[in-house]
Amino acid sequence: MKPRVPSNWGQTILVCAKCSKKLKGGFGARERTPLAKALRKHLGLKKGRKAELGIVEVKCMGVCPRGAVTVVDAGGPREWLLVPKGTDLDVVAAELGLGHKPS
Ligand code: FES
């Protein structure tokens with residue numbers, strides 16, 4: 001086994017999976033898609049390590065906001081984002097500094 005593998009990620013975003021589960025998704029056209037998946041699709045990201053940035057679902061981070069999802073930018077973890085259910089994905093991307101479509 002190789003001790004290291006390369007990755008294209010320039011940024012890592014952590015999204016609470018439990019928050020998304022509580023909202024039964026909460027994002028996308030029918031508000032049924034979890035934030036991490038909706039955001040990946042919205043930004044047109046490739047899969048896994050080939051993507052320009054990583055959006056990863058993680059376990060509960062202890063904030064547990066009502067009607068929202070906890071999101072952490074691993075590159076700037078001193079302030080966490082609480083994203084209300086159904087928030088426009090352009091707004092979420094802009095808040096996280098992902099406003100541009102990665103090429
Ligand atoms: S359920 Fe998401 S932070 Fe606890």
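Is Cys64 buried, partly exposed or exposed? Cys64 is partly exposed, with a relative accessible area of 38%. For that wording, buried means under 20% relative accessible area, exposed means over 50%, and partly exposed is what falls in between (1.4 Å probe, protein chains only).

Before going on, a word about what you're looking at. This is a predicted model, where local features need pLDDT of at least 70 and side-chain atom pairs count only at pLDDT 80 or more, while totals for chains, interfaces and linings use all residues. Residues are numbered from 1 along each chain as its sequence is written, and side-chain values use heavy atoms, with hydrogens and water left out.

**Finding your way around**

- The helices (H or I, at least four residues) and strands (E, at least two) are DSSP runs, numbered from the N terminus.
- Strand β1 covers residues 12-16, and Cys16 belongs to it.
- Gly25 sits in the loop between α1 (17-22) and α2.
- Arg49 is in the loop that runs between α2 (35-42) and β2 (54-58).
- Val63 is placed in the loop between β2 and β3 (68-73).

**Patches on the surface**

- Patches are built from residues with over 30% relative accessible area and no salt bridge, joining like charges within 9 Å and nonpolar side chains (Val, Leu, Ile, Met, Phe, Trp, Tyr) within 5 Å.
- A salt bridge here is a side-chain nitrogen of Lys or Arg within 4 Å of a carboxyl oxygen of Asp or Glu.
- Accessible areas come from the Shrake-Rupley method with a 1.4 Å probe, and for residues only the protein chains shown count as cover.
- One patch is positively charged: Lys2, Lys46, Arg49 and Lys50 gather there on the surface.
- Lys and Arg count as positive and Asp and Glu as negative, while His and the chain ends are not counted.
- Each charge is placed at NZ of Lys, CZ of Arg, CG of Asp or CD of Glu.
- Arg49, from the positive patch, is partly exposed at 45% relative accessible area.
- There's also a nonpolar surface patch of about 260 Å², made by Val63, Trp80 and Leu82.
- Val63 is partly exposed, and its relative accessible area is 36%.

**Cysteines**

- A disulfide is a pair of cysteine sulfur atoms within 2.5 Å, and by this rule the count is zero.
- Cys16 is buried, with just 2% relative accessible area.
- Cys19 is buried too, at 4%.
- Measuring tape out for Cys16: its C-alpha atom is separated by 8.6 Å from that of Ala36, and the two residues are 20 apart along the chain.

**Positive phi angles**

- Cys64, in the loop between β2 and β3, has a positive phi near 50° and is a residue other than glycine.
- Lys24 isn't a glycine either, yet it has a positive phi of about 55°.
- You'll find Lys24 in the loop between α1 and α2, and it is exposed, with a relative accessible area of 68%.

**Loop residues and their partners in space**

- Gly25 is buried, at 6% relative accessible area.
- The C-alpha atoms of Gly25 and Val69 are separated by 9.9 Å, with their positions 44 residues apart along the chain.
- Leu53 lies in the loop between α2 and β2 and is buried, with a relative accessible area of 7%.
- Leu53 and Leu43 are ten residues apart in sequence, and C-alpha to C-alpha they are 9.8 Å apart in space.
- Glu52 is also in the loop between α2 and β2, but Glu52 is partly exposed at 23%.
- Glu52 and Asn8 are 44 residues apart along the chain, and their C-alpha atoms are separated by 5.3 Å.
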